[in-house]
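Dear colleague,

Here is the structure I said I would hand over, with my notes on its sheets and helices below. Please read them with the model open beside you.

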Amino acid sequence: MGARVVDGTGSSARASVTIVLRNGLITAVGESDPPADCHVIDLAGMTLLPGLIDAHAHVTSLGDVPDELRAYGLVQAMSDLLEAGITTVRDLGAYGDSVWRLRDAALLGLCRAPRLVLCGQVISATCAGAKAFPGMYREANGVAEIRWAVREQASAGADVIKVMSTGALTVAGEDIGPPQLRREEMVALVEEAHRLGLPVASHAEGADGIRLSVEAGADTIEHGEEGHLVPDALAAMAERGTILVPTLSVFDHVAQSDAYPGWMRDRARRLGESARLTIQAARKEGVAIAMGADAPPQGANAQELVRLTDAGLTGLEALSAATGISARACGVDGLVGTVEPGKKADLIVVDGDPLSDLAILSAPRRLWLVLQDGVATAGYGAAHVP
Ligand SMILES: [Zn+2]
């Protein structure tokens, strides 16, 4: 009780709120006193929010962790995410089958992990990216093979289908201009995914790929940095509820790292500026924007929120991006993403007010508590929870 609450719906913060949790669920949110049978935690001076949701991550991209130790690296990455208040993560491209094994292990209680929303492998045309990231892509050409590839990911356990509609800035020899898939292939992919009840996340950097993805019915546009060049596509996104995941962090990560060649760093810098123009144009058009960092290290994800506000979002809009809207992007908005009765108690408590300083969300020792299904999984205040 006594918490400042930012509920993730886009409503402004409310002061001195009591949230009642039972059996892992939020059962009441309001001003009244807590029921007599409850263990009460005083949250004066703190802010309670939905657990943060990263809608674009690659959790099996572990840098230079040796192959034989990758399982341990993955467990550490999961722990880092939880310690950073990320209670749901959508992985949009994993190596081999490691991500399915991770989910199995988490379900068995062998490791702690955020709620995992998985695509498995990325479906793409034959392309240079598949060689640059061996094991992460499922190349498919022609309508029949595209449908086959969608069914493969679905049968492996995918929650979402990820497709490369354009080349990637981090791949030598790839151009973000011409779409990699033909219109009939994109349409077939979206149709097959939707028929199976799965949303589609489309990697679309260049203007033509963004327009094609939107017209084919993709549910989220990943990166989308040339969106400001196709206002008709942004208008269609606003109308249909297609969500933009701008991933500003990945442009800065590549631009600032010596590990990448000069030409790639220049390209990242240029496209990062373009992505910021798209955020302004998308916001003006009423396009929903979600948080996705798409960059290492796991645990620094919420730095994306500082970048989103530098690019023109208000603090409240950035927090909605990381909660309610990211939940929608991940297809888990019926479960989490807002502080409302009936939702699962995936919540975080921060020491201070993130609306006046979003950087505290990724600062050490400011995250007081992380709850998953009502159970304390991280934060130095965890000892206060029974
Ligand atoms: Zn990505």
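**Strands and helices in the model**

Strand β1 (residues 3-5) and strand β2 (residues 14-22) run antiparallel and are joined by two bridges; strands count as paired here if DSSP finds at least two bridges between them. Before going further, please note that this is a predicted model, in which local features need pLDDT of at least 70 and side-chain atom pairs count only at pLDDT 80 or more, while totals for chains, interfaces and linings use all residues. Residues are numbered from 1 along each chain as its sequence is written, and side-chain values use heavy atoms, with hydrogens and water left out. The element names come from DSSP runs numbered from the N terminus, a helix being H or I of at least four residues and a strand being E of at least two.

Within the pairing of β1 and β2, A3 has V17 of β2 as its bridge partner. β2 is also joined to β3, again in the antiparallel sense, by five bridges, and I19 stands opposite V29 in β3. The hairpin of β2 and β3 has two residues between the strands, and N23 takes a positive phi near 50° there.

These strands belong to an open sheet of seven, with mixed pairing and the order β3-β2-β1-β4-β14-β15-β16. Because β3 (25-30) and β16 (375-378) stand at the edges with a single partner strand each, one side of each is left without a neighbour in the sheet. Neighbouring strands of this sheet are turned by 40° against each other on average, direction ignored; for this and the angles below, axes are lines fitted to C-alpha atoms (for helices over the stretch in contact), and angles run from 0 to 180 degrees between N-to-C directions.

There is also an open sheet of three strands, in the order β5-β6-β7, whose pairing is parallel. β5 (52-57) and β7 (115-118) are its edge strands, each with a single partner strand, so one side of each has no neighbour in the sheet. The twist from one strand to the next averages 15°. Four bridges pair strand β6 (residues 86-91) with β7 in the parallel sense, and the partner of T88 in β7 is R115. Helix α2 (residues 98-107) lies across β6 and β7 and runs at about 155° to β7.

Turning to the helix pairs, helix α6 (residues 207-216) and helix α7 (residues 231-240) pack at an angle of about 30°, with their axes 9 Å apart. That makes α6 roughly parallel to α7 (under 35 degrees counts as roughly parallel, over 145 as roughly antiparallel, 65 to 115 as roughly perpendicular and the rest as oblique). Their contact (heavy atoms within 4.5 Å) is made by I210, R211, V214 and E215 of α6 together with D232, A233, A236, M237 and R240 of α7. By class, those residues divide into five nonpolar, no polar and four charged, where Ala, Val, Leu, Ile, Met, Phe, Trp, Tyr, Cys and Pro count as nonpolar, Asp, Glu, Lys and Arg as charged, and the others, Gly among them, as polar.

α6 also meets helix α5 (residues 183-195), the two axes coming within 9 Å and crossing at roughly 45°; α5 and α6 are therefore oblique to each other. R183, M186, V187 and V190 of α5 make this contact with L212, S213, E215 and A216 of α6, and the contact has five nonpolar, one polar and two charged residues.

With best wishes
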